Amino acid sequence: MEHQWNSKEQLLELLISLVERASITGSQEEVALSEYIYYLLKGKKYFQQNREYLGLHPVHDGRSFVTALVRQGDHKETIVLLSHFDVVDVKDYGDLKNLAFQPIQLTNELKNRKSQLSKEVLKDLESDEWLFGRGTMDMKAGLSVQLSMLEKAISGEFQGNILLVTVPDEEVNSAGMLSAVAILEDIRKKYDLTYKACINSEPMFAKYPYDENQYIYSGSIGKMLASFYCSGIETHVGEPFSGLNATTLISEINRNMELNDSFCEQIGNEVTPPPTGLMMRDLKQEYSVQIPHTSVSMYNILMFNQAINDIHEKLLSVAKIAAINVEEFYKERATNYQQFVAFTPLDLNVNVFTYEELLEKAVAKSGESEVRRRLNYLAANRGAQGDRDFSTRMVSELAGLCKEYSPMIVLFYSPPFYPAVSSSNDRLIQKTIQKVISYTQDQYGITLNHQHYFPGLSDLSFVQLNESKESIAKLTTSMPLYGKHFHLPFQEMKSLNIPALNIGPVGRDPHKWTERLHIPYAFDTLPSILEYAIKSLLR
């Protein structure tokens, strides 16, 4: 059989064809790229003769993902190759936006703009070994190399089966992977397969600025999106002590949450970054002389082994501390102001609830049917509102029903949620990692450093599940969208339980306009390493 994606030049050509399709998450081009990959594979003689092994599967929102199975006789042992084909937006490219998906032209144009580049970026540019452009690193190079592995499987080069799964939406909600989990389970049962490992090929992530170490990962970091809704007491700015500004509440939460190292977790030399705010704003829509009396903030919480219920308790503790601090702050400022005006300040008591508790209070007050009617009305008139904003809107609706509890802080969760996964205790994975590290050192003089968790978040999070039902319930019962627009296939994830690996290319500056890929490693070195890893796993 003639290989289309074997040589460095062929792989570079494939990568450029994928990058040129501007598959920004949520765009029509994202929809089109899954179809392009499907038709690339449909042209292979193997899939013309085995049509049932190639699938273009719908996601609930009109997007789709691709699966491609190559079987070797009666072998059950199967390696899953996982990737995503969506990319983040290109607004950060400024006036180079039109070249973001033209990697050759962009790389050449950057040579005319050397004064705009940092010393490190300029060094890479002048080496002529790096290709710039959105998606070159994250993660169309990994997908390209995985497609070459599928081609090798068709040629019979592996003593086992290869199942390629490539999905949309990894960069936002992982809707593609969440839909793929059930299909993975269906394929496993239909063909009586044994999934030996799932290999993702996300690029290596730097642990610190200018980190030049190279990594292999046996898991993927977890993430929760913790949110705080604050309801103050409205008043005119001329009577500020007659109310409570919601920005005061949210500011105190932010002061306690931002870079709070009590949320950090360390395993060996790996440490989770502390939480940082992803959004913080008041919810006043127009200018007026009424104080902002509602506000919201959201925080990125990353984890390794921490149980969700433990993190939940820490978050509640932050909210309760913030409530006490704001009460004391208000009293102090009111006392200071009384030297000018004699008045009786409010006797503030800031309540702290979870979304689950707020929902219970709303139902107790207005009845379940009325609460359901209101939430259903919101859903029917949601329009283009994203998951984060719509979650906030649902909390706001219930808080409006329960105004007598204001001022209040409500802890809730928004999508996405990524469970932490690790195969560090899996004997086959550990043995394979040691073999791959030795092989890479012997063949290329490159030292791969083993890390337990890929730090950039990935869809590997959904190929196994280690949390208990009770722990997960702390998250889902306080997630307004859970069971409505967002769900997690917990049963299928537990059933799959696939050992995880990430072996990917070298790149730099993911999600930046200087995103770039090291071509020699991606297309000379990585294919050999990935092929060796697959053969080791199937041996």
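Thr-440 lies in helix H13, which covers residues 427-444. Thr-440 has 0% relative accessibility, so it counts as buried. Beyond residues up to four places away in sequence, Thr-440 touches Gly-445, Ile-446, Leu-448 and Ile-529. The model is predicted. In this model the chain has 16 helices and 20 strands. The radius of gyration of the chain is 26 Å, close to the 24 Å from the globule rule for 539 residues, so the chain is as compact as a globular protein of that length.

**Overall build**

- Along the principal axes, the C-alpha atoms fill a box of roughly 90 × 55 × 45 Å.
- Buried residues account for 55% of the 539 residues.
- Take the contacts between residues at least 6 apart in sequence: 79% of these join residues at least 24 apart.
- The exposed area of the chain is about 22900 Å². Carbon and sulfur atoms supply 47% of that area.
- The chain carries 53 positive and 67 negative side chains. The centres of the two sets lie 3 Å apart.

**Nonpolar core**

- In soluble globular proteins, nonpolar side chains tend to be buried together.
- The largest nonpolar core of this chain holds 173 residues.
- Leu-41, Phe-228, Leu-315, Ile-409 and Ile-534 touch the most other members of that core.
- Leu-315 is in contact with Ala-226, Phe-228, Met-257, Phe-263, Ile-301, Leu-411 and Tyr-413, leaving aside neighbours within four places in sequence.
- Phe-228 thus appears twice: among the core residues that touch the most other members, and as a contact of Leu-315.

**Val-66, a buried strand residue**

- Val-66 sits in strand S2, residues 64-70.
- The relative accessibility of Val-66 is 0%, so Val-66 counts as buried.
- Neighbours within four places in sequence aside, the contacts of Val-66 include Ser-34, Ile-37, Tyr-38 and Leu-41.
- Other contacts of Val-66 are Leu-54, Gly-55 and Leu-56. Leu-164, Val-165 and Thr-166 are also in contact with Val-66.
- Leu-41, one of these contacts, is also among the residues that touch the most other members of the largest nonpolar core.
- Val-66 and Ala-533 are 467 residues apart in sequence. Their C-alpha atoms are 23 Å apart in space.

**Glu-171 and its surroundings**

- Glu-171 is in the loop between strand S5 (161-167) and helix H7 (175-190).
- Leaving aside neighbours within four places in sequence, Glu-171 is in contact with Thr-25, His-84, Asp-86, Val-87, Val-88, Asp-138 and His-511.
- Glu-171 and Ser-27 are 144 residues apart along the chain. Their C-alpha atoms are separated by 12 Å.

**Cis peptide bonds**

- Asp-138, one of the contacts of Glu-171, is joined to Met-139 by a cis peptide bond. Omega is about -10° there.
- Met-139 is in helix H6, residues 136-154.
- A cis peptide bond also joins Pro-415 and Pro-416, with omega about 5°.
- Pro-416 is placed in strand S15, residues 408-418.

**Positive phi in residues other than glycine**

- Asp-128 has phi near 60°, a positive value.
- Asp-128 lies in the loop between helix H5 (119-127) and strand S4 (130-132).
- The relative accessible area of Asp-128 is 57%, so Asp-128 is exposed.
- Tyr-210 has phi near 65°, also a positive value.
- The loop between strand S6 (194-200) and strand S7 (214-217) holds Tyr-210.
- Tyr-210 is exposed because its relative accessible area is 60%.

**Asn-269, an exposed loop residue**

- Asn-269 is in the loop between strand S10 (266-267) and strand S11 (270-271).
- With a relative accessible area of 52%, Asn-269 counts as exposed. The cut-off for exposed is over 50%.
- Lys-207 and Gln-451 are in contact with Asn-269, leaving aside its neighbours within four places in sequence.
- Gln-451 is 182 residues from Asn-269 along the chain. The C-alpha atoms of the pair are separated by 8.5 Å.

Technical notes. Residues numbered from 1 in each chain as written. Predicted model: local features only at pLDDT ≥ 70, side-chain atom pairs only at ≥ 80, totals over all residues. Heavy atoms only, no water. Helix = DSSP H or I, 4+ residues; strand = E, 2+ residues; numbered from the N terminus. Rg over C-alpha atoms; globule rule 2.2 N^0.38 Å. Buried < 20%, exposed > 50% of the residue type's maximum accessible area, 1.4 Å probe, protein only. Contact = heavy atoms within 4.5 Å. Areas by Shrake-Rupley, 256 points an atom, 1.4 Å probe, with all protein chains shown as cover. Lys, Arg positive; Asp, Glu negative; His and termini not counted. Charge placed at Lys NZ, Arg CZ, Asp CG, Glu CD. Core = buried A, V, L, I, M, F, W, Y, C linked by side-chain atoms within 4.5 Å.
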